[in-house]
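Notebook open, coffee poured. I wanted to see how some of the helices here pack, and then to check a few single residues.

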Amino acid sequence: MNDSYFPRRGNEGYLVEQYDLTLDYRVGPNRLTAVAVLTVWTTESLTSLVLDFADLRVDRVILQDGRRLRFEHQKEKLRIRLPGTVAAGHQLVIEIVYRGSPRPTSSRYGGLGWEQLDDGVLVASQPTGAPSWFPCDDRPDRKAAYRFTITTASQYQVVANGRLAGVAHSGSTSTWSYVQDAPMATYLATVQIGPYQRHELPGTVPQRLVAPVRRLPAARTALAHQDAMMNLFTELFGPYPFETYTVVVTDDRLEIPIEAQGMSMFGANHMAEDWSNQRLIAHELAHQWFGNSLTLADWRDIWLHEGFACYSEWLWSPVSGNRPTDEHARTWHHRLKHQPQDLILANPGPPHLFDDWVYKRGALTLHALRRTIGDDAFFRTLRTWTADYRHGTVSTERFTKVAEATAGRDLSAFFAEWLWDERLPDLP
């Protein structure tokens, strides 16, 4: 079944094991020439295979044996006709050659996906922007491995998910190769291109900063406490789930920072030492556990991402010398109590997917759970949660079961109030 909030995204009858994306991009004219090779396993008998793909032009589709396949491309769906009926359990390797001028896909949340900067590219696809730049099965529960090979002008640096496997220079262009073996949802796949320099940051988990030269001093200062955040979250949530963590700082101002798997992107305007920006650094880092390693299976469970990341801000606050966690909770409980009580946290609806209400009530739910079962059981719950579902997909029901099992008690009444009642309960 397709995701309940975005029924036109996602497809049936197969699973993608790996995306191998070869991109040749010219920044100035915004021209992309690309090849996507998808390794697919059928889960039912198929005569055609349907992918989510937006406005770029498909030139040809080729099967692994060299045969060209017929296809139709309209209304953001690429329908590929297979050579006869393919039984369930069969592997297909399909090559899709395409080109064009990528642009964000439209949504109620604004443009999503491939976006031009003043000098470069930023890709931020949450929740449905991945088809703006590659053909895919665009559902958060359909994780796959990725390989990226990206060629662009040599004055630019390229960052993508995973480990940097190599850089090859040829004349005026350079080709960057990245490998992401940890399973990844399509919306978390990203490419960042810009006139950047790389700077290694201290830490037991390898961390790096990628930014324009003139932004490096302010960024290094703003990120001075990031390793302490990493240490705190590793202690509270369990091991960092990926090989490295990269922060990209654009020369442009961004409305909000955005995370991708193993990476976060900030505007130059976010690189400051005040709490309003430091909390964002903690928030995006926390998403590596809650959102990227543990990814919702259905967008209605967005609180499992944003509520946890917001609560991580409050956990970092007293460690950094700011307000106690409980004070943040009481402040936001008072504010939400005086707002309309008309949303359900565990199913807020597509229009409210990224409302601040969801973030803060999600964090309050975790604080209330902590006060109900005690610190020891609460943080054991978080560590069990991240360990049991590492690199997997999650749901509200799964979280409540882990919490009850870890706490050793029935929490059904608690979760009914905090997750499914519109009225905001009192803090315990």
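I began with a helix pair: the axes of α8 and α9 come within 11 Å of each other and cross at roughly 145°. This is a predicted model, so I read everything below as computed from it. I looked up the hand of the α8/α9 crossing too, and it is right-handed. Which residues make the contact? From α8 I noted Thr396, Phe399, Thr400, Ala403 and Glu404, and from α9 Ser412, Phe415 and Leu419. Sorted by character, the residues of this α8/α9 contact come out as 4 nonpolar, 3 polar and 1 charged.

Next entry, α8 by itself. The helix runs over residues 396-407, which makes 12 residues. From first C-alpha to last α8 reaches 16 Å, close to the 16 Å expected at 1.5 Å a residue. I then listed what is buried in α8: Thr396, Phe399, Thr400, Val402, Ala403 and Thr406. Those residues cover an arc of only 160° around the axis, which puts them on the same side of α8. A reminder to myself: an α-helix has 3.6 residues a turn, so residues three or four places apart point the same way. On the other side of α8 I found Glu397, Lys401 and Ala405 exposed.

What covers the buried residues of α8? The cover includes α4 (303-319), α6 (356-373), α7 (375-388) and α9 (412-420). I also checked what comes just after α8, and there glycine 408 takes a positive phi of about 70°.

I picked one residue of α8 for a closer look, threonine 406. Its relative accessible area is 14%, and under 20% counts as buried, so Thr406 is buried. Leaving out residues up to four places away in sequence, Thr406 touches Ala377, Arg380, Thr381 and Thr384.

Then I moved on to α5, residues 325-337. I counted 13 residues in α5 and a reach of 18 Å from first C-alpha to last, close to the 18 Å expected at 1.5 Å a residue. Buried in α5 are Thr325, His328, Ala329, Trp332, His333 and Leu336. They cover an arc of only 130° around the axis, which puts them on the same side of α5. I asked what they pack against, and the list is α3 (275-286), α4, α6 and α9.

Leucine 427 was next, in the segment after α9. I have Leu427 down as buried, with a relative accessible area of 17%. Leu427 touches Ala329, Arg330, His333, Leu364, His367, Ala368 and Trp418, again not counting residues up to four places away in sequence. I looked up one long-range separation as well: the C-alpha atoms of Leu427 and proline 83 are 60 Å apart, with their positions 344 residues apart along the chain.

Last entry, phenylalanine 71, which I found in strand β5 (residues 71-74). Buried or partly exposed? Phe71 is partly exposed, with a relative accessible area of 29%. Setting aside residues up to four places away in sequence, Phe71 touches Val58, Asp59, Arg60, Val61, Leu78, Arg79 and Ile80. For one of these, aspartate 59, I also noted the C-alpha separation from Phe71: 10.0 Å, for residues 12 apart along the chain.

How values were computed:
Residues are numbered from 1 along each chain as its sequence is written. This is a predicted model: local features need pLDDT of at least 70, side-chain atom pairs count only at pLDDT 80 or more; totals for chains, interfaces and linings use all residues. Side-chain values use heavy atoms; hydrogens and water are left out. Helices (H or I, at least four residues) and strands (E, at least two) are DSSP runs, numbered from the N terminus. The expected span of a helix is 1.5 Å times one less than its number of residues. Buried means under 20% relative accessible area, exposed over 50%, partly exposed in between (1.4 Å probe, protein chains only). The arc is that of the directions from the helix axis to the C-beta atoms. Contact means heavy atoms within 4.5 Å. Axes are lines fitted to C-alpha atoms, for helices over the stretch in contact, and angles run from 0 to 180 degrees between N-to-C directions. A crossing is left-handed if the near helix is turned anticlockwise from the far one by less than a right angle, and right-handed if clockwise. Ala, Val, Leu, Ile, Met, Phe, Trp, Tyr, Cys and Pro count as nonpolar, Asp, Glu, Lys and Arg as charged, and the others, Gly among them, as polar.
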